Amino acid sequence: MDPYVPSTGGNVNSSTSNPFPSMTQPVPPTRKHAQWNPHENRIFIAACETVIADGHRNGKCFTKHGWDQLIRLFNSNSGHCWTKQQLKNHWDGLRTKHKRLMELIHSTGVEYISKTGYIAAFDD
């Protein structure tokens, strides 16, 4: 008997019992993280700006009411049903990218051109 094949028992009719029930029913794909496209990113940033303008920011992050408002705004405008953790991870990722960009801009010989979104620097 193969140890990798589950046993169906002694007198079980194979037409009424399926030893592999998950193989007959479609399984929705699982995602490890949210996939952000540029349109969703703009919606997220606009929602963040709205929450910040309403005064729901506490230091580097949002207040509890601010997160609730941000989740509601983003999900209603994007059509998604993403969680607070997914949005917070994206917020943290954007903050990290912004810090790195500011460090690069403040170093010598580097310039950020906002109209084109490019960074200009000398070859050396």
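Hi everyone, let me start in helix α2, where we find Ala 47. Before going further, please keep in mind that this is a predicted model. Ala 47 has a relative accessible area of 3%, so this residue counts as buried, the cut-off for buried being under 20%. Across from Ala 47, look for Gln 69: the two are 22 residues apart in sequence, and their C-alpha atoms lie 8.5 Å apart in space.

A second pair of this kind involves helix α4, which holds Lys 84. From Lys 84 to Ile 71 there are 13 residues along the chain, and 6.5 Å separates their C-alpha atoms. Is Lys 84 buried or exposed? Neither, in fact: its relative accessible area is 41%, so Lys 84 is partly exposed.

Now, the pocket. The largest pocket holds about 310 Å³ of space. Which elements give two or more residues to its lining? They are α2, residues 38-53, and α4, residues 84-106. Helix α4 provides the largest share of that lining, with 7 residues. If you want to follow along on the screen, the lining residues include Asn 41 and Ile 45, then Trp 91, Arg 95 and His 98, and also Tyr 112.

Let's move to the aromatic residues. There are 7 aromatic pairs in the model. One of them is Trp 36 with Phe 44: the ring centres are 5.4 Å apart and the planes meet at 70 degrees, so this pair is edge-to-face; the cut-off there is over 60 degrees. How do the two partners compare in exposure? Phe 44 is buried, because its relative accessible area is 0%. Trp 36, at 23% relative accessibility, counts as partly exposed. Both rings belong to one aromatic cluster, made up of Trp 36, Phe 44, Phe 74 and Trp 82.

Last stop, the surface. Which residues make the nonpolar surface patch of about 250 Å²? The answer is Leu 104, Tyr 112 and Ile 119. You may recall Tyr 112 from a moment ago, as it also lines the largest pocket. Ile 119 sits in strand β4, which spans residues 118-121. With a relative accessible area of 42%, Ile 119 is partly exposed.

So, to recap the tour: Ala 47 is buried in the model, the largest pocket is lined by α2 and α4 among others, four aromatic residues form one cluster, and Ile 119 helps make a nonpolar patch on the surface. Thanks for listening, and I'm happy to take questions.

Note on methods:
Residues are numbered from 1 along each chain as its sequence is written. This is a predicted model: local features need pLDDT of at least 70, side-chain atom pairs count only at pLDDT 80 or more; totals for chains, interfaces and linings use all residues. Side-chain values use heavy atoms; hydrogens and water are left out. Patches are made of residues with over 30% relative accessible area and no salt bridge: like charges are joined within 9 Å, nonpolar side chains (Val, Leu, Ile, Met, Phe, Trp, Tyr) within 5 Å. Accessible areas come from the Shrake-Rupley method with a 1.4 Å probe; for residues, only the protein chains shown count as cover. A salt bridge is a side-chain nitrogen of Lys or Arg within 4 Å of a carboxyl oxygen of Asp or Glu. Helices (H or I, at least four residues) and strands (E, at least two) are DSSP runs, numbered from the N terminus. Buried means under 20% relative accessible area, exposed over 50%, partly exposed in between (1.4 Å probe, protein chains only). Rings of Phe, Tyr and Trp (its six-membered ring) pair if their centres lie within 6.5 Å; planes under 30 degrees apart count as stacked, over 60 as edge-to-face and the rest as tilted. On a 1 Å grid over the protein atoms alone, a cavity is a set of points where a 1.4 Å probe fits but cannot get out, and a pocket is an open set with protein on both sides within 12 Å along at least five of seven lines; lining residues have an atom within 4 Å of a point. Grid points are joined across faces, edges and corners, and a volume is the space filled by probe spheres set on the points.
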